[in-house]
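Hello,

I am passing on the structure we talked about, with some notes to read alongside it. Please open it first and have a look around.

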Amino acid sequence: MTETTAGASDSRDILDIARTQVLEHGVGLTEEQVLAVLALPEDRLDELLQLAHEVRLAWCGPEIEVEGIISLKTGGCPEDCHFCSQSGLFESPVRSAWLDIPSLVEAAKQTAKTGATEFCIVAAVRGPDDRLLAQVAAGIEAIRNEVDIQVACSLGMLTGDQVERLAEMGVHRYNHNLETSRSFFPNVVTTHTWEERWETLTMVRDAGMEVCCGGILGMGETLAQRAEFAANLAALGPDEVPLNFLNPRPGTPFGDLPVLPVAEALTAVGAFRLALPRAMLRYAGGREITLGDLGARQGILGGINAVIVGNYLTTLGRPAEQDLDLLVDLQMPLKALNATL
């Protein structure tokens, strides 16, 4: 074992270790090392975020990827994800609805106008049936006829045949979040397993699609489980990692949980960047209520290199113009579509 990967046997400060191991050599922090970062006192936060920013620039470059998302099928989901107001098992205000193809195309057009290079079609389902896949296929074809944008999908758990069908449709990236660590997952979902999600993700990767996989922080997990989650993601090796922060939704089992403190959320951003130096680390849901404008700025200067603009699936985001103005202000160049083709 080398000095730069010695982990707990190395007596140096964890950020000094990370500077050598991650910044210089591109080797992500181990689970134990991530836990040490998560446990840093708040007065080390600026130092952590600066290092995370340097790691991002060194191993990902300066560009920011912008993405929009749209819900093709909202609500009525049979699963019991405790954070989600789209579950049909909870008394939440979200009700089942389908989006038609013209509306889908219009949403893609509006997303492209923001400078986004990725448009993700999402459905609240355990997994897609033939009707949903047919709708997705028609939507992708209609979008391609009118909009120059990459299309991603998030349709729940897949079979091998469904993975092949999506790849044939030209789906660029597939999102399926692990949501949290393997050990904490049973506290979040009981209607399916963490392993079922993992199986879908490995099939997607093997089919040649990019893998988008992240989760939600602030659902009651311990720091050790947060570090475990970072290690789970590192083992998967996703292309993109969306970081959500719990936005407690009325009527859900997690509806009364507190919002994650800003410093704790930003420490997690820095720690996940050091665990995943080459991944696209995307700000996703809950950042507005958790971080506010100042925290969002700190995160973009602390390891984040992608954002979702506009609204999320069942919650409001910031106006896209505000995020784009922020990126201009921070002199963060937007990733051009032709660079991803």
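Below is what turned up, from the whole chain down to one pair of helices.

Please keep in mind that this is a predicted model. The protein chain has 341 residues, and 58% of them count as buried. Its secondary structure comprises eleven helices and ten strands. Among contacts with a separation of 6 or more, 75% join residues 24 or more positions apart. The chain exposes about 13600 Å², with 51% of that supplied by carbon and sulfur atoms.

Now for the interior. The largest nonpolar core holds 91 residues, and the members touching the most others are I143, L166, L274 and Y283. Helix 9 gives this core its largest share, nine residues. If you would like a place to start, try I143: leaving aside residues up to four places away in sequence, I143 touches L104, V105, A108, F119, I121, I149 and V151. There is also a second, separate core of six residues, including I69, C120, A284 and I308.

Helix 9 is worth another look for its packing partner. Helix 9 (residues 262-275) packs with helix 8 (residues 223-236) at an angle of about 35°, the axes lying 10 Å apart. The crossing of helix 8 past helix 9 is right-handed. On the helix 8 side, the contact is made by L223, R226, F229, A230, L233 and A234, and on the helix 9 side by E264, A268, F272 and A275. Sorted by class, this contact has eight nonpolar residues, two charged ones and no polar ones.

Happy browsing, and best wishes

Conventions: Residues numbered from 1 in each chain as written. Predicted model: local features only at pLDDT ≥ 70, side-chain atom pairs only at ≥ 80, totals over all residues. Heavy atoms only, no water. Axes fitted to C-alpha atoms, helices over the stretch in contact; angles between N-to-C directions. Helix = DSSP H or I, 4+ residues; strand = E, 2+ residues; numbered from the N terminus. Left-handed = near helix turned anticlockwise from the far one by under 90°. Contact = heavy atoms within 4.5 Å. Nonpolar A, V, L, I, M, F, W, Y, C, P; charged D, E, K, R; others polar. Core = buried A, V, L, I, M, F, W, Y, C linked by side-chain atoms within 4.5 Å. Buried < 20%, exposed > 50% of the residue type's maximum accessible area, 1.4 Å probe, protein only. Areas by Shrake-Rupley, 256 points an atom, 1.4 Å probe, with all protein chains shown as cover.
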